[in-house]
Amino acid sequence: MTDPIADYLTRVRNAIKANHRIVEVPASNMKKAVTKVLFEKGYILNYKFEDEGPQGTIKIALKYHPLTKVPAIREVTRISKPGLRKYAHAKKLPKVINGLGIAILTTSQGVMTDKEARKLNIGGEVICYVS
């Protein structure tokens with residue numbers, strides 16, 4: 001597999017389109033960090049890291065509106081790819097849907113959202129947009 005983060009995002013996107021409650025993905029440190037950011041920002045209901053086997057898995061409980069059944073994650077877009085990395089300077093961090101969505105970045109301080117990076121005045125690699 002050449003792009004495990006794209007595989008992670010695709011599994012989440014496909015599970016949402018199929019109205020699944022839980023999605024299971026292979027674990028890595030980057031995927032764990034992205035999952036924590038999604039949980040902190042309210043895009044997923046819960047998550048659990050399982051250390052079975054050599055790699056382990058992440059179980060993610062997806063979040064839906066209780067009455068309308070609309071998913072909390074409407075769109076996930078991979079930005080920086082292995083063939084073409086995208087970096088953003090601290091002063092030119094992207095805004096997703098005019099600040100309604102989030103951009104997940106990997107910085108020297110760890111994985112965080114664009115808003116947190118703006119507060120700390122640091123740039124980094126733009127992993128994906130979530131809205």
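Q: Contact means heavy atoms within 4.5 Å. Among contacts in the protein chain between residues at least 6 apart in sequence, what share joins residues at least 24 apart?
A: The share is 61%. This is a predicted model, in which local features need pLDDT of at least 70 and side-chain atom pairs count only at pLDDT 80 or more, while totals for chains, interfaces and linings use all residues. Residues are numbered from 1 along each chain as its sequence is written, and side-chain values use heavy atoms, with hydrogens and water left out.

Q: How many helices and strands are there in the protein chain, and what makes a run count as one?
A: There are 3 helices and 8 strands. Each is a DSSP run, H or I over at least four residues for a helix and E over at least two for a strand, numbered from the N terminus. From the N terminus on, the elements follow the order α-β-α-β-β-β-β-β-β-α-β.

Q: Why is the protein chain called as compact as a globular protein of its length?
A: The radius of gyration, taken over C-alpha atoms, is set against the globule rule, which is 2.2 Å times the number of residues to the power 0.38. For 131 residues the rule gives 14 Å, and the chain has 15 Å, which is close to it, so the chain is as compact as a globular protein of that length. Along the principal axes, the C-alpha atoms fill a box of roughly 40 × 40 × 25 Å.

Q: Which strands stand at the edges of the open sheet of 3 strands, and why?
A: The strand order is β1-β3-β2, with antiparallel pairing. Strands β1 (22-26) and β2 (44-50) each have a single partner strand, so one side of each is left without a neighbour in the sheet, and these two are the edges. Neighbouring strands are turned by 20° against each other on average, direction ignored.

Q: How do you know that β1 and β3 pair?
A: Two strands pair if DSSP finds at least two bridges between them. β1 and β3 (residues 57-62) have 5 bridges in the antiparallel sense, and one bridge partner pair is I22 with A61 in β3. β2 and β3 also qualify, with 6 antiparallel bridges, including the one between F49 and I58 of β3. A hairpin with 6 residues between the strands links β2 and β3, and G53 in its turn has a positive phi of about 80°.

Q: Which strands does helix α2 touch as it packs on the sheet?
A: Helix α2 (residues 29-40) touches β1, β2 and β3, and its direction makes about 155° with that of β2. Such angles lie between N-to-C directions and run from 0 to 180 degrees, with axes fitted to C-alpha atoms, for helices over the stretch in contact.

Q: Why is R21 called partly exposed?
A: Buried means under 20% relative accessible area and exposed over 50%, with partly exposed in between (1.4 Å probe, protein chains only). R21 has 48%, so it is partly exposed. The residue lies in the loop between α1 and β1. Its C-alpha atom is 5.7 Å from that of A61, 40 residues apart along the chain. Beyond four places in sequence, R21 touches I60, A61, L62, Y64 and K69.

Q: What makes strand β6 mostly covered?
A: In β6 (residues 102-107), 5 of the 6 residues are buried. Over the whole chain, buried residues make up 40% of the 131. β6 pairs in the antiparallel sense with β8 (residues 124-130) over 5 bridges, and with β7 (residues 110-113) over 4 bridges. A hairpin of 2 residues joins β6 to β7, and T107 stands opposite G110 in β7.

Q: What makes a set of residues a nonpolar core, and which members of the largest one touch the most other members?
A: A core is a set of buried Ala, Val, Leu, Ile, Met, Phe, Trp, Tyr and Cys residues joined through side-chain atoms within 4.5 Å. The largest has 25 residues, of which L38, I60, L62, I73, I104 and V130 touch the most other members. Elements α1, β1, α2, β3, β6 and β8 each supply at least two residues, and α1 gives the most, with 6. Outside four places in sequence, the contacts of I104 include V34, V37, L38 and V130. A second, separate core of 8 residues includes I79, A88, L93 and M112.
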